[in-house]
Amino acid sequence: MKILIVEDEIKTAEYLRQGLTEQGYSIDLAFDGIDGQHQALHHQYDVIVLDAMLPGKDGFALLRALREKKDTPVLMLTARDSTHDRVKGLQEGADDYLVKPFSFNELLARIQAIARRGRTQESTLLRVGDLQIDLISRRVSRAGQRIDLTAKEFALISLLARRQGEILSKTVIAELVWDMNFDSNTNVVEVAIKRLRAKMDLPFSQNLLHTIRGMGYVLEDRSAVG
Ligand code: CA
């Protein structure tokens, strides 16, 4: 699931990006209203988290421009006690609002709720062979059997599934899932891949997660390729 965060407080934006990435979401950031509007109009997002007070163009103006063209669900962030802002935001077409400061868990719950209302076309259910990943309920199953994963394993499998058939290098995986530059001394990616395999491949007759020697990993249903 793809989320755009438009927030000029860099600390808050980075905190949200890190938290949501850990939850398996794919995040784009914009630090002002102009860049935010450009990204919101030119890319497909499942949810946009939009701060009301922004340099360049404020959140309300951005929302108005967005609503002329798109129905992307929007969660508006407003300042404490500014009832006027909340009402205005909802009138302009925000799907929900959250008053600053807020807890990460509340933000996450609101994002999941507005994404579930599902105005966007993009599927929130990923399938690779008999493996199924529900990006909203965060449930993974294979051949109808529930697979319990840690948050990092979920982030990893969602990334591989979103880009199924594509070889992803350890560097790319380390960057996108762990938000770190790949350091050849660490084997964090290999360890996580091994754990993931033990859960989603080993108990089943056919492997979906493949190692491409010297290149990386790919998730694909090779029985379908023939
Ligand atoms: Ca702000």
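Here's a quick rundown of the salt bridges and the calcium site in this structure. Keep in mind that the model is predicted. The salt bridge count comes to 15, and a calcium ion sits among three coordinating residues, D8, D51 and M53.

**E7 and K100**

- E7 pairs up with K100 in a salt bridge, with the closest N and O atoms 2.9 Å apart.
- E7 is in the loop between β1 (2–6) and α1 (10–22), while K100 is in the loop between β5 (96–99) and α5 (104–116), so this contact ties together parts that are 93 residues apart in sequence.
- Both partners, E7 and K100, are buried, which means each falls under 20% relative accessible area.

**R67 and D95**

- R67 makes a salt bridge to D95, and here the closest N and O atoms are 3.1 Å apart.
- This pair also links distant parts of the chain: R67 belongs to helix α3 (residues 59–67), D95 to the loop between α4 (83–91) and β5, and the two are 28 residues apart.
- As for solvent, R67 is buried and D95 is buried as well.

**E106 and R110**

- The side chains of E106 and R110 meet in a salt bridge at 2.7 Å, N to O.
- Both residues are in helix α5, and because they are four residues apart there, about one helical turn separates E106 from R110.
- E106 has 34% relative accessibility, so it counts as partly exposed.
- R110 is partly exposed too, with a relative accessible area of 23%.

**A shared network**

- Some salt bridges have partners in common, and these join E7, E9, D51 and K100 into one network.
- D51 turns up in two places, then: in that network and among the residues that coordinate the calcium ion.

**The calcium site**

- What coordinates the calcium ion? D8 and D51 each do so through OD, and M53 does so through O, at 2.1 to 2.3 Å.
- Along the sequence, the donor residues follow the spacing D-x42-D-x1-M.
- D8 lies in the loop between β1 and α1, and M53 lies in the loop between β3 (47–51) and α3, so the pair ties together parts that are 45 residues apart in sequence.
- Is M53 buried or exposed? M53 is exposed, because its relative accessible area is 56% and the cut-off for exposed is over 50%.
- D8, at 30% relative accessibility, counts as partly exposed.
- Before you read the donor list as the whole coordination sphere, note that water is not among the atoms, so sites may look incomplete.

Note on methods. Residues are numbered from 1 along each chain as its sequence is written. This is a predicted model: local features need pLDDT of at least 70, side-chain atom pairs count only at pLDDT 80 or more; totals for chains, interfaces and linings use all residues. Side-chain values use heavy atoms; hydrogens and water are left out. A salt bridge is a side-chain nitrogen of Lys or Arg within 4 Å of a carboxyl oxygen of Asp or Glu. Buried means under 20% relative accessible area, exposed over 50%, partly exposed in between (1.4 Å probe, protein chains only). Donors are N, O and S atoms within 2.8 Å of the metal (3.2 Å for Na, K and Ca); water is not among the atoms, so sites may look incomplete.
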